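Visitor: Please walk me through this model. I would like its ligand shell, its domains and one helix.

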Amino acid sequence: MKSDLAKRVRGDFPLLRTSIDGRRIVYLDSAATSLKPQPVIDAICRYYTEVGANIHRGKHFLSEQASDDYEEARTRVARFTGFLSSEVVFTANTTASLNMVASGLGLTGDDVVLVPFDAHHSAMLPWRRAAGVRYIPVSDTGVADLDAYAALLRARPAVVVLTHCSNVSGVYAPVERMAAMAKEAGAVTVVDAAQSAGHRRVGGENVDFLAFSAHKMLGPTGVGVLCGRHELLRRLAPPFLGGGVVDWVDTERYDVRKVPHALEAGTPPIAGVYGLAAAIDYLQAIGFDELGEHDRELAGAMVEETLARPRLRLLGPADGTDRAAIASFAIDGVHNLKEIAKILSDSYGVLCRTGHMCAQPFVDRFTDDEVLRVSGYLYNDREDLDVLFSALDSVLDFVRGRR
Ligand code: PMP
């Protein structure tokens, strides 16, 4: 790989100093959650050691500091996504953000919502409960079928849900084009950017709602983001009522605050928001040009190494399709992938994932088995892939020899 990003940043990630039996760990599970750099950990510690107070409640100086930092973080997220500060809602995660939109728009079973066939369950099930779902089909290589999508738009869907990057195949959908097509058909557009937000620019003028999680982009768990165009955000029914969302209450009536506060009931994940702001700073200091180039090289090497092994059946296209550093594959003749992942972890220090990746309809279309997923980020390089693939070769030779 030409990119030396991993070498430059690795020292920032304390977890990468972990070793198992003297071997350094190779973390290839960033699509599940990324590791956190020291500045993010420091920002969370700073909140607890120097600020500590609740927001928007008291007038004492620590509460004012916490409120200012929290609102400043909202502004940072707004700049990061291209939305306005008043259009940024802090939630618990992508799942919570998507549920808030699906249940808050007042849809009924008569409304049509288009959902990508490769959607994560979190971008699929909330809509199935709220409306009539039709799937945007994928081709035999697992890429969105744009002709079928254009035909589905003629049914005038109320909402079109798009997955920016599949957490299984790593394929990036042409979201800008698809969102523009949806807008032309009069639909509200919702983009699941869980896998892309820390990797490339997200949003765009045709995206009405954008959802992502801090924990997949170097930030902490427990914080998510929902960005929404102001007039649409105002239409959402607040999922929770209580403290923080009302201006005035008597025994009969109450006045709900303006968005985004109307959608942030109770004490929010304040420390997490400090961490998210630090994660954005960290990513922006590197820049999406370099992050994107690094991802592309890593993705290319992953696909090449997978295809070089006939036993591995890659899910998704084998050509130069725009994709993230995520590769999922089934393994011929091996059904207990969990055992393989356990050996990779405990004997080789290689951490990756198996299962249906919360996208079971998509995985089931391509294989009867589960898949093994490897996913990389800025701290991974070619050396990590060499460790993975040589460990995998040894484990598979061993398993075959045992039969
Ligand atoms: N969408 C996609 C594409 C994802 O990869 C994930 C996480 N695996 C989610 C949604 C849900 O994210 P969270 O668990 O943070 O709510």
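Guide: First, the classes: Ala, Val, Leu, Ile, Met, Phe, Trp, Tyr, Cys and Pro count as nonpolar, Asp, Glu, Lys and Arg as charged, and the others, Gly among them, as polar. This is a predicted model: local features need pLDDT of at least 70, side-chain atom pairs count only at pLDDT 80 or more, and totals for chains, interfaces and linings use all residues. Residues are numbered from 1 along each chain as its sequence is written.

Visitor: By class, how many residues of the shell around the ligand are charged?

Guide: A residue is near the ligand if its C-beta atom, placed from the backbone, lies within 6 Å of it. Among the 13 residues around the ligand, Asn 93, Thr 95, His 120, Asn 167 and Ser 213 come nearest. The shell has three nonpolar and nine polar residues, and the charged count is one.

Visitor: Which element gives the most to the side of domain 1 that touches domain 2?

Guide: An automatic or database assignment sets the bounds: domain 1 is 4-30 + 287-401, domain 2 is 40-285. In contact (C-beta atoms, placed from the backbone, within 7 Å) are 24 residues of domain 1 and 22 of domain 2. Helices (H or I, at least four residues) and strands (E, at least two) are DSSP runs, numbered from the N terminus. With five residues, the top contributor on the domain 1 side is H10.

Visitor: Within what arc do the buried residues of H6 fall?

Guide: Buried means 20 or more other C-beta atoms, placed from the backbone, within 10 Å of a residue's own. In H6 (residues 146-153) these are Tyr 149, Leu 152 and Leu 153. They line one face of the helix, because the arc, taken over directions from the helix axis to the C-beta atoms, is 100 degrees.

Definitions and conventions:
A residue is buried if 20 or more other C-beta atoms lie within 10 Å of its own, exposed if 12 or fewer, and partly exposed in between; C-beta atoms are placed from the backbone. Two residues are in contact if their C-beta atoms, placed from the backbone, lie within 7 Å.
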